[in-house]
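Student: I'm new to this structure and would like a close look at just one part of it. Could you walk me through it?

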Amino acid sequence: MTAYPRATLSRRRFLTLTGALTAGSLALGATGLWPRWALAEPDLAQRLLRLGRDIYPHEAIADRYYLETLAPLLEENRELVAAGLDDLDRRARAAHGSDYVGIENDAERETLLRDIQHTPFFATVKGSLLMGIYNNPALWPEFGYGGSSWEQGGYLHRGFDADPDWL
Amino acid sequence: MSRQFDLNDDSLVVIIGSGAGGGTLANELAQKGIRSVVLEAGKRFTMEDIENDEWGMFNKISWLDQRNLVGPSRLAEDFPNLPAWIVKGVGGSTIHWAGVAMRFQEHEFKMKTLNGAIAGANVEDWPLTLQDLAPYYTLAEKKMGVCGTEATGMPFHGKSTHYKVIEAGAKKVGARCEQAHLAINTVPFDGRAPCQVTGFCMQGCRFGAKWSTMYAEIPKAEATGNVEVRPNCMALRIEHDRNGRATGVLYAGADGQEHFQKARIVAVAANSIESPRILLNSASNLFPDGLANSSGQVGKNYMTHVTGGSYAEFDHPVHMERSTVVPGIVKEWEDNDPSRGHVGGYELEALHLGLPFMSAFLDPGAANGWGRQFARSMENYSKMAGFWICGEDLALESNRITLHPTEKDQYGLPVPVVHKADHENDTRMRDHAYRMSKELFTAIGARHVNDLPPYPASHNMGTNRMHANAQDGVVNQWGQSHDIDNLFISDGSQFTSSGTENPTLTIVALTIRQADYIAERMSRGEL
């Protein structure tokens with residue numbers, strides 16, 4: 001829990017610092033909406049993206065939301081992240097003869113992650129992603145979550161007592 | 001604005017803490033013309049500080065000073081430095097509370113008489129009964145504006161969608177379910193607005209519809225000219241004279257300096273971790289085990305309620321967050337019926353979390369709460385309905401607050417160490433609650449029901465408990481220390497047992513009663 005406040009601040013700081021740059025760094029193709037750091041280091045970005053998408057797999061959420069969240073980690077904890085990814089690849093090669101990103105079976109990748117879920121590397125990446133995905137107002141509509149409501153007068157006159165027609 | 005009192009004014013009541021106990025005591029005494037200084041460790045927030053933002057408000061208002069949680073529990077693994085989820089600020093945890101205002105049941109004042117001695121527990125009867133407290137419950141309900149009560153005549157909030165789903169499940173399994181008695185206005189009351197249903201009760205009520213000492217008791221107390229609130233002032237120790245009478249409180253002030261405020265009476269209302277901590281930190285030659293601790297019970301019997309969560313995923317939308325946080329309560333198992341396999345009762349309180357907190361509490365802990373199953377559940381957020389389990393937590397001597405032998409906080413005080421473990425009764429009760437919840441949700445078509453482990457406790461009780469006998473408890477039925485006449489405990493730490501109800505209404509009722517007692521004793525020249 002105590003790690004979350006720091007993650008929040010980091011994420012906010014990142015968005016403040018680089019939010020204006022994101023729109024100017026568009027490229028073509030699948031990486032089109034990636035943030036600038038990811039375009040500069042596509043290999044690292046690809047490895048982190050695979051990891052992020054295995055920790056919180058949401059198909060409807062675009063790459064950039066995972067990548068933007070992880071950028072501050074590269075500023076503050078680059079060695080931890082690099083060493084963690086290398087360790088994950090070593091484990092992947094030992095078990096499957098392939099780097100982590102090369103393992104096609106979702107369940108096999110998740111099993112590998114269960115083996116490292118108690119490491120500081122995993123906790124750090126997960127903690128950042130938790131805030132970046134679930135505490136990100138831009139993504140709340142994807143989950144059907146309304147977020148702040150007082151500005152709209154709450155739900156008193158906006159259906160708080162709607163009858164669930166399925167009961 | 002606050003009137004200012006002199007540090008050497010020894011005619012004052014010094015109140016440590018400004019929440020349900022401290023904030024209420026200050027106002028009750030002020031209305032009787034009794035002057036007090038309130039020392040509040042946190043800052044003063046404004047209504048504009050209150051946002052509909054779970055993590056934003058958590059970071060802004062929570063008590064995040066260093067605390068160590070130990071004991072064989074998942075809570076200690078998941079939250080090793082956050083045993084309690086409470087507030088540091090003027091208004092204390094009444095900023096955060098969900099507004100649930102239930103009276104204790106008659107039997108909950110005499111759990112020892114009812115169930116006999118329970119092995120491994122330290123259960124005792126209260127030195128007062130429901131009949132003693134009933135008139136004060138009525139006064140508390142009137143003061144706070146509790147809806148659905150005779151005391152106010154204020155109507156309930158109306159059934160939210162979340163409530164309707166749970167009511168339907170309860171009906172299917174034959175369980176009693178009622179709208180919640182909330183200290184949240186449904187009509188304009190006491191100069192405060194009615195509820196707009198923001199769904200963010202626990203982040204502070206932006207409209208002030210929910211009773212909080214922050215904007216209800218404290219401004220009224222200050223308006224009398226009888227109260228000075230000192231924010232950013234952390235009580236360090238309570239001093240006493242050679243006769244063992246409390247003389248005042250040493251505190252770290254907003255200016256970073258230490259000050260000593262003289263007192264006629266000291267009332268401790270700093271919540272159930274800090275209150276015993278202050279008494280223990282005030283150990284002296286005369287009281288080597290800490291103030292008011294001849295019984296040895298200071299810091300012991302720490303209770304939090306038996307808690308947990310049960311969140312069901314349906315095939316259809318619920319949008320549970322479009323509701324007061326607690327719209328209703330399944331009360332079927334609130335009685336004391338040992339045939340269930342446990343003594344004491346529990347409430348299933350319909351309660352929503354927002355998406356950010358759901359992600360943090362669905363399967364908490366650094367290594368948990370991720371992967372495909374977790375992500376699927378999160379994608380079903382808008383189709384969830386759920387309970388927070390709130391059950392009677394047995395007093396155990398081994399569940400206690402102690403002082404760390406070496407580690408110090410930012411004020412130079414030993415860090416509090418909180419030991420909390422389940423009694424077998426607690427585990428059985430929680431399992432029963434999970435089972436009944438699942439049955440209820442499955443009866444209306446839940447496709448998956450998540451059992452959530454306990455998260456940090458907002459209900460903290462018992463660490464300076466009331467008892468008729470000085471050898472078995474810290475305070476008498478008025479919250480007055482058995483050892484030191486002019487030292488009072490005015491928060492949930494005086495609870496002898498936890499009951500199954502959310503504690504705030506009982507804290508306020510006890511405080512109103514305590515204020516009457518203090519005033520009467522003062523008028524007779526006895527205090």
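Student: Within what distance do the axes of helix H1 (residues 22-31) of chain B and helix H12 (residues 504-523) of chain B come, and at roughly what angle do they cross?

Tutor: Keep in mind that this is a predicted model. Two packed helices are usually described by just the pair of values you ask for, the angle between their axes and the distance between them. Here, the axes of H1(B) and H12(B) come within 9 Å, and they cross at roughly 35°. As for the hand of it, H1(B) and H12(B) make a right-handed crossing.

Now zoom in on the residues that meet. H1(B) brings Thr24(B), Leu25(B), Glu28(B) and Leu29(B). Across from them, H12(B) offers Val508(B), Thr511(B), Ile512(B), Gln514(B), Ala515(B) and Ile518(B). Sort this contact by class and you get 6 nonpolar, 3 polar and 1 charged residues. Look at the numbering, too: an α-helix has 3.6 residues a turn, so residues three or four places apart point the same way.

For some context, try another helix of that chain, H6(B), which covers residues 161-173. From first C-alpha to last, H6(B) reaches 19 Å, close to the 18 Å expected for its 13 residues. Buried residues in H6(B) include Tyr163(B), Val165(B) and Ile166(B), and even Lys164(B) and Glu167(B) are among them. Among the elements covering the buried residues of H6(B) are strand S13 (384-391) and helix H11 (424-442) of chain B. Just past the end of H6(B), you'll find Gly174(B) with a positive phi of about 70°.

Note on methods: Residues are numbered from 1 along each chain as its sequence is written. Chains are lettered from A and ligands numbered from 1 in the order in which they are written. This is a predicted model: local features need pLDDT of at least 70, side-chain atom pairs count only at pLDDT 80 or more; totals for chains, interfaces and linings use all residues. Helices (H or I, at least four residues) and strands (E, at least two) are DSSP runs, numbered from the N terminus. The expected span of a helix is 1.5 Å times one less than its number of residues. A residue is buried if 20 or more other C-beta atoms lie within 10 Å of its own, exposed if 12 or fewer, and partly exposed in between; C-beta atoms are placed from the backbone. Two residues are in contact if their C-beta atoms, placed from the backbone, lie within 7 Å. Axes are lines fitted to C-alpha atoms, for helices over the stretch in contact, and angles run from 0 to 180 degrees between N-to-C directions. A crossing is left-handed if the near helix is turned anticlockwise from the far one by less than a right angle, and right-handed if clockwise. Ala, Val, Leu, Ile, Met, Phe, Trp, Tyr, Cys and Pro count as nonpolar, Asp, Glu, Lys and Arg as charged, and the others, Gly among them, as polar.
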